[in-house]
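Student: Could you take me through one part of this protein slowly? I'd like a close look at the pocket, and then whatever else helps me get my bearings.

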Amino acid sequence: MRHATVLAALLAAVTAAAPAFAQSAAWQPQASGTQAELRGLSVVSTTVAWASGAKGTVLRTVDGGTWSVMVVPGAEKLDFRDIHAIDADTAIVMSAGPGDASRIYRTADGGATWQLAITNPEPRGFWDAIAFWDARRGILFGDPVDGRFQVRVTHDGGATWQPVTDETGLRALPDEGAFAASGTCLTVAGSGDAWFATGGAQNPRVFHSKDGGRTWQAAAVPVAAGAPARGLFSVGFRDAQVGIAAGGDYKEVALAGVNGARSEDGGASWTPVQVLPAGYMSVVVPVRGAADTFVAAGLAGSGYSGDAGKSWKVLDRTPVNTVGFASPSAGWAVGPKGIVLKYTGAPLGK
């Protein structure tokens, strides 16, 4: 969403007013080597992870502790809001911005070289997130153009992207869009299920596709919206049925009120839940290896649920933008001013 372009200034103000890293049992800081705002994160294994952010920045660790920093040539002015890594050598990174500021680059040699795969051909477009079912099949999602959300799919690992047309299923409400805040307003599960979450309009919604992104159906979610900075920022599904959506208002980090919802029918219906810590949550993800466990996070801090979103506990109050887990005891969070945190708490869901 274009409103997301003002997030950097807002987050910088929040971070400047916040205390230094919270030294806790849940997260510990790692040296990132950058001060760039980080929003994208892809955790491949307990030792391999990639991250991305402003000023064309990409980070990679292959030992779980040491991060290398690179800037994609020709992308120095771009904001990489999402990244998907296939392995230690192969990653696809997406920039968000109006028109040709939305691009996808790909590397197959650990970031030594990068290839520009696609530039947004729609001057009024704004890409929000990417997600992959496997090493070859992926999906790209963007804000509405002419009243319809933009979707593209790839079948060759992100080298080429083909547009999807669903005139009815992708129709947007007035003022509806998505938030490119964490790379998780779009998610996938299984071999063909995909979901994306929206905000800004009077009613936030989650769109669901069962056929690899070809057709879509939307469902209203009982979370406050009705303002440009408010709605759902993230959606995560553990399988084709059970998922969580989370959000809030990025202008009011500690805003009281219900900031999440859960679904047990693939996103056809939603029940409101209070995600902890209360406030703005920009990401919610399932934890690999712990079927009922989800972690949510944002500028309000981070929390987890061990019962598929029915109840939540606070992990930490450190502001972050996104999180990802390889296992119940191995994960990372990234955020403002180059923050990289590694999860060091007890195994989640145990």
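**A close look at the pocket**

Tutor: Sure! The largest pocket holds about 840 Å³ of space. Keep in mind that we're looking at a predicted model. If you wonder how anyone finds empty space like that, rolling a probe the size of a water molecule over the atoms shows where it is left.

Now, who lines this pocket? There are 37 lining residues, and His84, Thr187, Val188, Pro286 and Arg288 lie nearest the centre. By type, the lining of the largest pocket splits into 23 nonpolar, eleven polar and three charged residues. Plenty of strands take part: E2 (38-43), E6 (80-85), E10, E14, E18 (230-237), E22 (283-286) and E26 (322-327) each give at least two residues to the lining of the largest pocket.

Let's step over to the largest nonpolar core. It has 19 residues, and the members touching the most other members are Ile139, Phe141, Phe149, Leu186, Phe196 and Trp216. At least two residues of this core come from each of the strands E10 (127-132), E11 (138-145), E12 (148-154), E14 (186-189) and E15 (193-197). Strand E12 gives the largest share, three residues. Pick out Phe149 and you'll see a crowd: leaving aside neighbours within four places in sequence, Phe149 is in contact with residues including Phe141, Leu170, Ala172, Phe196 and Phe207. There's also a second, separate core of 18 residues, with Val253, Val273, Met281 and Phe294 among them. As a rule of thumb, in soluble globular proteins nonpolar side chains tend to be buried together.

Finally, zoom in on Ser263, which sits in strand E20 (residues 260-263). Is Ser263 buried or exposed? Ser263 counts as buried because its relative accessibility is 0%. Its side chain has polar partners, too: the side chain of Ser263 makes a polar contact with the side chain of Asp265 at 2.8 Å, and the Ser263 side chain also reaches the backbone nitrogen of Gly267 at 2.9 Å. Not counting residues up to four places away in sequence, Ser263 touches Phe237, Gln241, Val242, Gly243, Ala268, Ser269 and Trp270. For a sense of scale, try finding Gly169 as well: Ser263 and Gly169 are 94 residues apart along the chain, and their C-alpha atoms are separated by 20 Å.

Definitions and conventions. Residues numbered from 1 in each chain as written. Predicted model: local features only at pLDDT ≥ 70, side-chain atom pairs only at ≥ 80, totals over all residues. Heavy atoms only, no water. Helix = DSSP H or I, 4+ residues; strand = E, 2+ residues; numbered from the N terminus. Buried < 20%, exposed > 50% of the residue type's maximum accessible area, 1.4 Å probe, protein only. Polar contact = N/O pair within 3.5 Å; in protein donor to acceptor, adjacent residues only side chain to side chain. Contact = heavy atoms within 4.5 Å. Core = buried A, V, L, I, M, F, W, Y, C linked by side-chain atoms within 4.5 Å. 1 Å grid on protein atoms, 1.4 Å probe; cavity = no way out; pocket = protein on both sides within 12 Å on 5 of 7 lines; lining within 4 Å. Points joined across faces, edges and corners; volume = space filled by probe spheres on them. Nonpolar A, V, L, I, M, F, W, Y, C, P; charged D, E, K, R; others polar.
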